[in-house]
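Student: I should like to examine how the terms used for a model of this kind rest on their definitions. May we begin with the strands?

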Amino acid sequence: MEVVPKVTFVNIGKTVEFESGKLPYQEHGKPESILDVALNFGIQLEHACGGVCACTTCHVHVKSGQQNLTPADDDELDRLDMAADLQLNSRLGCQAVVKGDVTVDMPAWNRNYVSEGGGSMNLGDAIPAAKNSH
Ligand code: FES
């Protein structure tokens, strides 16, 4: 049976769905990660490092469906430790691969930078932070 996960982005009130295995890969983050899904639907989730687990700008809070995401590996957990507004349900959007329905929200500090179809606005802050963090 084909799997058609739904991803809801609470802060912009948008739900998108895609057929597993059929989402065109945007070459940012892991294929079918929350970031990949967002970019495929024109939702500009920040991704200052390009989706290679080297920043925290793609940080999201998973409101429901955590079990429908691939588990975080050590690299992601180490990186998340540096994230602002870290919560138990925090994930990096570029690392969490969507396997079923999930609902995510952007941390408040990141919200101003997330827009639908818009450009990236906080690269100036994010890149130095990523460089200094190891
Ligand atoms: S985009 Fe940099 S860690 Fe996800």
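Student: Which residue is the bridge partner of H59 in strand 5?
Tutor: The partner of H59 is L92. This is a predicted model, in which local features need pLDDT of at least 70, side-chain atom pairs count only at pLDDT 80 or more, and totals for chains, interfaces and linings use all residues. Residues are numbered from 1 along each chain as its sequence is written.

Student: What makes strand 4 and strand 5 a pair?
Tutor: Two strands pair if DSSP finds at least two bridges between them. Strand 4 (residues 59-64) and strand 5 share three bridges in the antiparallel sense, so the criterion of at least two is met. Strands themselves are DSSP runs (E, at least two residues), numbered from the N terminus.

Student: Why are strand 2 and strand 5 called edge strands?
Tutor: The open sheet has five strands in the order 2-1-6-4-5, with mixed pairing. Strand 2 and strand 5 (90-92) each pair on one side only.

Student: How do strand 1 and its partners pair?
Tutor: With strand 2 (residues 14-17), strand 1 pairs in the antiparallel sense over four bridges; V7 stands opposite V16 there. With strand 6 (residues 102-105), strand 1 pairs in the parallel sense over three bridges, and F9 has V104 as its bridge partner.

Student: Which residues of strand 1 are buried?
Tutor: V7 and F9 are buried and point to one face, while K6 and T8 point to the other and are not buried. A buried residue has 20 or more other C-beta atoms within 10 Å of its own, with C-beta atoms placed from the backbone; V7 and F9 therefore satisfy that cut-off.

Key: A residue is buried if 20 or more other C-beta atoms lie within 10 Å of its own, exposed if 12 or fewer, and partly exposed in between; C-beta atoms are placed from the backbone.
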